[in-house]
Structure formats: structure tokens, C-alpha cells
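Visitor: Please take one part of this model and go through it closely. I would like the helix packing, followed by the charged pairs on the helices involved.

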Amino acid sequence: MKKKLSTLCIAILCIAFASCGGKQSASSVAQKWCDLNGKVFKAADGTEKEAAKAALDKYENEMEAKYKNDDAFMKEVEKEAEKCED
């Protein structure tokens, strides 16, 4: 019984770690960008706007570094992000 339980726990952990490290969808990346961009747009001037802009810049840099060699994915993100800008 203990061996089955530990095997099950290990399998669950492996699945959990595998799902965390996978590639995000273009729509999820674009949606987060749209949310952050909206916060910049809605933020009051000053510290709040600067913090929102810094969060947006950080996210953009992370995604560009992560997907810099995947032009097709980045074009899909751009297309999805344009939907929220309308």
C-alpha cells in the first residue's frame, strides 16, 4: 500500500512539474499583455503608472527572451494582442 501511494505521489509531482514548464499559448501570453497594458492605461499618473509600466516592460522582456527564436509564435501573440487594442 505504501509503495503504491508513493508511486502515485511521484507520478502526480512529475505531471505537475511537466505542466508548469510547458509552452504557453499565444492567446494566454497576449491576454496577460493586454491586462498589463490596460493597467498602464488606467493607472493614475505618477508612481502607480510607473509601476504598471515597469510590470509591462518586465513581462515583455521575459516573453521576448523566452520566445525570441519562435517567430511564428510571436506573430500569433501579436495578432491576438491586436484584438484587445481595438
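Guide: What follows is a close look at helix H2 and its two helix partners, and then at the salt bridges.

The model is predicted, and the values below are computed from it. The protein chain has four helices and zero strands, and its pattern along the sequence is α-α-α-α. Of its 86 residues, 19% count as buried. Among contacts with a sequence separation of 6 or more, 65% join residues 24 or more positions apart.

Two packed helices are described by the angle between their axes and the distance between the axes. On those terms, take H2 with H3 to begin with. Helix H2 covers residues 26-42 and helix H3 covers residues 47-66; their axes come within 8 Å and cross at roughly 160°. An angle over 145 degrees counts as roughly antiparallel, and H2 and H3 are therefore roughly antiparallel to each other. Their crossing is left-handed. On the H2 side the contact is made by Ser28, Val29, Lys32, Trp33, Leu36, Asn37, Lys39, Val40 and Phe41. H3 contributes Lys49, Ala52, Lys53, Ala55, Leu56, Tyr59, Glu60 and Met63. By class, this contact of H2 with H3 holds ten nonpolar, two polar and five charged residues.

H2 also packs with H4, which covers residues 71-85. The axes of H2 and H4 likewise come within 8 Å, and they cross at roughly 45°. H2 and H4 are therefore oblique to each other, and the crossing is right-handed. From H2, the residues in contact are Ala26, Ser27, Val29, Ala30, Trp33 and Cys34. From H4, they are Phe73, Glu76, Val77, Glu80, Ala81, Cys84 and Glu85. The contact of H2 with H4 divides into nine nonpolar residues, one polar and three charged. Val29 and Trp33 of H2 appear in the contact with H3 and also in the contact with H4.

Now the charged pairs. Side chains of opposite charge can pair when their charged atoms come close. The whole structure has four salt bridges, among them one within H3 and two within H4.

In H3, the side chains of Lys53 and Asp57 form a salt bridge, with N to O at 3.2 Å. Lys53 and Asp57 are four residues apart in helix H3, which means a separation of about one helical turn. Lys53 counts as partly exposed because its relative accessibility is 39%, and Asp57, at 28%, is partly exposed as well. Lys53 is also one of the H3 residues in contact with H2.

In H4, Lys79 pairs with Glu76 in a salt bridge whose closest N and O atoms are 3.7 Å apart. Lys79 and Glu76 lie three residues apart, about one turn of helix H4. Lys79 is partly exposed at 48% relative accessibility, and Glu76 is partly exposed with a relative accessible area of 31%. Glu76 also belongs to the contact with H2.

Further along H4, Lys83 forms a salt bridge with Glu80, the closest N and O atoms being 3.2 Å apart. Lys83 and Glu80 are three residues apart, so about one helical turn separates them. Lys83 is exposed, with a relative accessible area of 54%. Glu80, its partner, is another of the H4 residues in contact with H2.

Methods. Residues numbered from 1 in each chain as written. Predicted model: local features only at pLDDT ≥ 70, side-chain atom pairs only at ≥ 80, totals over all residues. Heavy atoms only, no water. Axes fitted to C-alpha atoms, helices over the stretch in contact; angles between N-to-C directions. Parallel < 35°, antiparallel > 145°, perpendicular 65-115°, else oblique. Left-handed = near helix turned anticlockwise from the far one by under 90°. Contact = heavy atoms within 4.5 Å. Nonpolar A, V, L, I, M, F, W, Y, C, P; charged D, E, K, R; others polar. Buried < 20%, exposed > 50% of the residue type's maximum accessible area, 1.4 Å probe, protein only.
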